[in-house]
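Ready for a few exercises on charged pairs and a nonpolar core? Take a look at the model first, then work along with the solutions.

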Amino acid sequence: MDSADELGRRDRKKLETRAALEHAALKLVAARGLAGVTVEDIAEAVDVSSRTFFNYFPSKEDALIGPSPASTAELRERLEALPADVPVLEALRLMSRVEAERVQEQREQWLLRLKVFEQNPSLLPRLVASGSETERAVTAAVARRSGIELGTSGYPELATAVAMAAFRVAMIRWSAAGGCPELADLVDEAFAQLAGGLSNP
């Protein structure tokens with residue numbers, strides 16, 4: 001086995017361990033509550049040491065939040081790759097739809113994560129904080145796309161905030177319905193309501 005193969009195998013193993021720790025944390029907290037689970041419990045469930053756990057996550061709460069399906073850079077690149085004549089709201093919908101499809105691919109994990117968030121409201125501030133970097137990056141991309149300087153008209157900030165709220169509402173509906181229908185369809189529905197000006201139903 002050459003060094004590249006060895007490196008690839010090692011990276012895969014790290015990703016597998018990280019995913020196993022996330023899943024164990026979610027399952028344990030869903031069953032026992034946040035206060036009833038320790039880092040030692042999570043590590044033991046995966047048959048690793050607590051020290052190994054801390055190589056991946058600073059705390060049990062970070063393991064529960066897990067990674068965003070797409071990185072901040074990916075979201076920005078996805079927006080910037082769309083043709084310039086695509087309107088901003090439609091560009092944000094297309095970006096969000098791809099994100100929704102990626103969440104759907106990990107349906108059981110995300111449904112479990114959303115259940116844990118619902119059961120443990122103390123996690124919400126951390127969740128909001130983890131999304132703030134993403135929101136800033138998307139806002140900057142919207143500003144470039146619309147040719148508006150940040151902090152002037154408020155348009156990029158508002159468009160991004162509304163798009164993220166639409167995605168969050170779709171996620172809440174998807175979770176409440178047990179993962180059906182497809183999350184991407186609920187995202188499309190939310191954006192259609194925004195595009196219609198949120199007129200009375």
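**Exercise 1: a pair and its exposure**

Asp 41 forms a salt bridge with Arg 32, with the closest N and O atoms 3.3 Å apart. Work out whether each partner is buried or exposed, or in between.

Before solving, note that this is a predicted model: local features need pLDDT of at least 70, side-chain atom pairs count only at pLDDT 80 or more, and totals for chains, interfaces and linings use all residues. Residues are numbered from 1 along each chain as its sequence is written, and side-chain values use heavy atoms, leaving out hydrogens and water.

*Solution.*
- Step 1: a salt bridge needs a side-chain nitrogen of Lys or Arg within 4 Å of a carboxyl oxygen of Asp or Glu.
- Step 2: buried is under 20% relative accessible area, exposed over 50%, partly exposed in between (1.4 Å probe, protein chains only).
- Step 3: Asp 41, at 22%, is partly exposed; Arg 32, at 47%, is partly exposed too.

**Exercise 2: a buried pair**

Find which residue pairs with Arg 113, and what the pair ties together.

*Solution.*
- Step 1: the partner is Glu 22, with the closest N and O atoms 3.0 Å apart.
- Step 2: Arg 113 sits in helix 7 (residues 107-119) and Glu 22 in helix 1 (residues 3-32), so the bridge ties together parts 91 residues apart in sequence. Helices here are DSSP runs (H or I, at least four residues), numbered from the N terminus.
- Step 3: both residues are buried.

**Exercise 3: the count**

How many salt bridges does a search of the whole structure find?

*Solution.* The search finds twelve.

Notes. Helices (H or I, at least four residues) and strands (E, at least two) are DSSP runs, numbered from the N terminus.
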